[in-house]
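Hello,

Here is the structure we talked about. Please open it and keep it on screen while you read my notes below.

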Amino acid sequence: MQQNITLENGCVKKLFFKFAIPSILGMLIVSLQMIVDGMFLSRGVGAIGLAAVNLSMPLINALLSVSLMICVGGSVLVGIASGNKDYNKADGLTTLTLILLFSVLLSLSIIILLNFKFITNLLGVNQEIYPFVKNYLSILVAGSVFFNMPIFTETFIRIAGKPNQVFISGLVCFTVNVFLDFIFIIKLGMGMEGAAIATCFANMLGALTLIPHIKFGKLVGSLNDIKDIFYNGSSEMLTTISSAITTFVFNIIVMKNIGILGVSALSIVFYVNSIVNISLYGLSQALQPIISYNLGAKRIDKIKDVLKISLKSGAAIGIITFIAMQIFGESLINLFSNGDKKLASLTKDVVFFFTFTYLLSFINIISSSFHTSIEKPFESAFISCGRSIIFVMIPLFSLPIILGDVGIWLATPIAELLCLGVSIPMMIKSLKKLPLN
């Protein structure tokens, strides 16, 4: 990474897109992988399979949030060490991050599996859908190390200055997953188990393509370094865990007001929503190593340039997706509904209101990642929790009383709008306080 940033520090825009484009493409492929999963499940299992995935997502996202916390927290320290030209420390911290990731995920997996029934009850899983959730979720939890490995490899391959490899890894994940979905779900009739096994194998193989390109070193780090990894990555964890909490609350409210059909419709919307969010997170992941490096090198003007480019790119993604969903949304929905007219009609209504989120969310996501990159995880976490929990719960519990089911679908865009009142002033204030030398 240090070589690429040094050679191209006169053209931040070129460097940013060198990191951002493969990052976005790679993450879009991961998003498409999730969508293809949904398509196979809708045909091999039906609407109840989509509902089972959505009810599983809070726990899956909780594990992802822990992985993000460790990997992003470690990458911030590695990026700053590289900016200070302490490359031995950077390599040693990479090793430390991987060991922490494996240790924590294995411990959590054991705890969850020992308390599986209790946890699924908390997720709102009833007896009708429990067998589907169990067959899917228990495999993903047991294979959480394999399922989460791409988070580590794709984060640290950018630190290594090889962002194009992210696209290759994503392509491997996608190709293997589609092939195994077809074999396991359609040909062998393995249903939910087949989808989970396919995902674990695909992610593992995608991660293995990147491992040889990541530079590890002799293990270094003190307890303070471990504390800093958790601290600096805490905002990213809260971003994902707050999303998990929101999904959980949405599921409970929709199950109560509409039933399994409503959860199935919500699942389709979340598949679509993942395309936008993953693209924006691709931008933020391109932003983080560049800003962390330039923070260590005291190049504040470069940090400001990268932030401006990120916001413009995020706006373009949001506007284009909003327009595309208004025009082509019905065709996409039909790929999941599998001829179920009630499901298609309900999902169409949900998509119409939900897509207004895309015109606003990019600012909050980029602002949160920016604060993580400059070692301000508290500010980052506050923005993340604001957009995903605090500002969502207010309309989610109040609007349905006034507007009915429409109030549920409007909760997210209203939350993003409210969060702008926090994220924009924080970003301006933090920029002004960056050290000049």
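**What turned up**

F352 sits in helix 13 (residues 341–354). Bear in mind that this is a predicted model.

**A patch on the surface**

Is F352 buried, exposed or partly exposed? Its relative accessible area is 42%. Buried means under 20% and exposed means over 50%, so F352 counts as partly exposed. F352 also belongs to a nonpolar surface patch. The other members are I319, I323, I327, F328, F356 and L359. Together the seven names add up to about 660 Å² of accessible area. Which helix gives the largest share of the patch? That is helix 12 (residues 300–337), with 4 residues.

**A bent helix**

Now find helix 16, residues 405–432. It has 28 residues. At 1.5 Å a residue, helix 16 should span 40 Å. Its end C-alpha atoms are 43 Å apart, so the two values agree. Helix 16 also bends, by about 40° at A411. A proline, P413, follows within four residues.

**Cysteines**

A disulfide is a covalent bond between the sulfur atoms of two cysteines. How many disulfides does the structure hold? The count is 0. Take C71, which is in no disulfide. The nearest cysteine sulfur belongs to C173, 14 Å away. A disulfide needs the two sulfur atoms within 2.5 Å, so C71 and C173 do not qualify. C71 is buried, with a relative accessible area of 0%. C200 is in no disulfide either. For C200, the nearest cysteine sulfur is again that of C173, 11 Å away. C200 is buried too, at 9% relative accessible area.

Best wishes

Key. Residues numbered from 1 in each chain as written. Predicted model: local features only at pLDDT ≥ 70, side-chain atom pairs only at ≥ 80, totals over all residues. Heavy atoms only, no water. Patch = residues over 30% accessible without salt bridge, like charges linked within 9 Å, V, L, I, M, F, W, Y side chains within 5 Å. Areas by Shrake-Rupley, 256 points an atom, 1.4 Å probe, with all protein chains shown as cover. Salt bridge = Lys/Arg side-chain N within 4 Å of Asp/Glu carboxyl O. Helix = DSSP H or I, 4+ residues; strand = E, 2+ residues; numbered from the N terminus. Buried < 20%, exposed > 50% of the residue type's maximum accessible area, 1.4 Å probe, protein only. Expected span 1.5 Å × (residues − 1). Bend = angle between axes of the 7 residues up to and from the residue.
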